[in-house]
Amino acid sequence: MKALHMIAWILVIVGGLNWLLVGLFDLNVVAYLGMTLARIVYILVGLGALWELFTHKANCKMCSSMSSPAKPTTPTM
């Protein structure tokens with residue numbers, strides 16, 4: 001499962017960086033791969049995002065260690 005998590009994470013990063021380049025410079029790096037390969041990459045990035053969306057809490061050390069939100073402390077006098 002860790003390998004699948006890492007692959008999904010890398011795909012989400014690739015997709016995010018590609019969107020950053022599209023937004024800043026109107027440069028779609030994935031589109032340079034050709035129509036068929038770009039479509040495959042887009043599908044993989046989307047599947048990676050869905051995987052991270054549904055499994056993030058179980059895979060993330062920070063999320064799994066926070067079983068409940070921190071309770072505010074009240075000062076005692």
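Q: Where is the place of Asp26 in this predicted model?
A: The structure is a predicted model. Asp26 has a positive phi of about 55 degrees, although this residue is not a glycine. As for its position, Asp26 has its place in the loop between helix 1 and helix 2.

Q: Does Asp26 count as buried or exposed?
A: A residue is called exposed when its relative accessible area is over 50%. Asp26 has a relative accessibility of 68%, and therefore Asp26 counts as exposed.

Q: Which secondary structure pattern does the protein follow along the sequence?
A: The secondary structure comes to three helices and zero strands. Read along the sequence, the pattern is therefore written with helix symbols alone. That pattern is α-α-α.

Q: In which helix is confidence highest?
A: The mean pLDDT of the protein is 85, and 81% of its residues reach 70 or more. Confidence is lowest in helix 3, residues 61-65, with a mean of 71. Where pLDDT is low, the predicted coordinates should not be read in detail. The highest mean, 93, belongs to helix 1.

Q: Is His5 buried or exposed?
A: His5 has its place in helix 1. Leaving out residues up to four places away in sequence, His5 touches Trp51, Glu52 and Asn59. The relative accessible area of His5 is 16%, and buried means under 20%, so His5 is buried.

Q: What is the relative accessible area of Glu52?
A: Glu52 is placed in helix 2. Neighbours within four places in sequence aside, Glu52 is in contact with His5, Ala8, Trp9 and Val12. Glu52 is buried, because its relative accessible area is under the cut-off of 20%. The value for Glu52 is 8%.

Q: What distance separates the C-alpha atoms of Glu52 and Ala8?
A: Glu52 and Ala8 are in contact. Along the chain, these two residues are 44 residues apart. In space, the C-alpha atoms of Glu52 and Ala8 are separated by 6.6 Å.

Q: How far apart in space are Ile7 and Leu44, C-alpha to C-alpha?
A: Ile7 lies in helix 1. Its relative accessible area is 49%, which is not over 50%, so Ile7 is partly exposed. Ile7 and Leu44 are 37 residues apart in sequence. Their C-alpha to C-alpha distance is 9.7 Å.

Q: Which helix gives the largest share of the largest nonpolar core?
A: In soluble globular proteins, nonpolar side chains tend to be buried together. Here the largest nonpolar core has five residues, namely Leu11, Val30, Ala38, Val41 and Val45. Three residues of this core, its largest share, come from helix 2.

Q: Which residues does Leu11 touch, not counting residues up to four places away in sequence?
A: Leu11 belongs to the largest nonpolar core, as does Val45. With residues up to four places away left out, Leu11 touches Leu44 and Val45.

Q: What accessible area do the residues of the nonpolar surface patch have together?
A: The patch includes Met6, Trp9, Ile13 and Val29. Val29 is found in the loop between helix 1 (2-25) and helix 2 (35-59). With a relative accessible area of 39%, Val29 is partly exposed, so Val29 passes the patch cut-off of over 30%. Together, the patch residues have about 1000 Å².

Q: What share of the exposed area do carbon and sulfur atoms supply?
A: Buried residues make up 17% of the 77 residues in the protein. The protein exposes about 6700 Å². Of this area, carbon and sulfur atoms supply 74%.

Note on methods:
Residues are numbered from 1 along each chain as its sequence is written. This is a predicted model: local features need pLDDT of at least 70, side-chain atom pairs count only at pLDDT 80 or more; totals for chains, interfaces and linings use all residues. Side-chain values use heavy atoms; hydrogens and water are left out. Patches are made of residues with over 30% relative accessible area and no salt bridge: like charges are joined within 9 Å, nonpolar side chains (Val, Leu, Ile, Met, Phe, Trp, Tyr) within 5 Å. Accessible areas come from the Shrake-Rupley method with a 1.4 Å probe; for residues, only the protein chains shown count as cover. A salt bridge is a side-chain nitrogen of Lys or Arg within 4 Å of a carboxyl oxygen of Asp or Glu. Helices (H or I, at least four residues) and strands (E, at least two) are DSSP runs, numbered from the N terminus. Buried means under 20% relative accessible area, exposed over 50%, partly exposed in between (1.4 Å probe, protein chains only). A nonpolar core is a set of buried Ala, Val, Leu, Ile, Met, Phe, Trp, Tyr and Cys residues joined through side-chain atoms within 4.5 Å. Contact means heavy atoms within 4.5 Å. pLDDT is the predictor's confidence in each residue, from 0 to 100.
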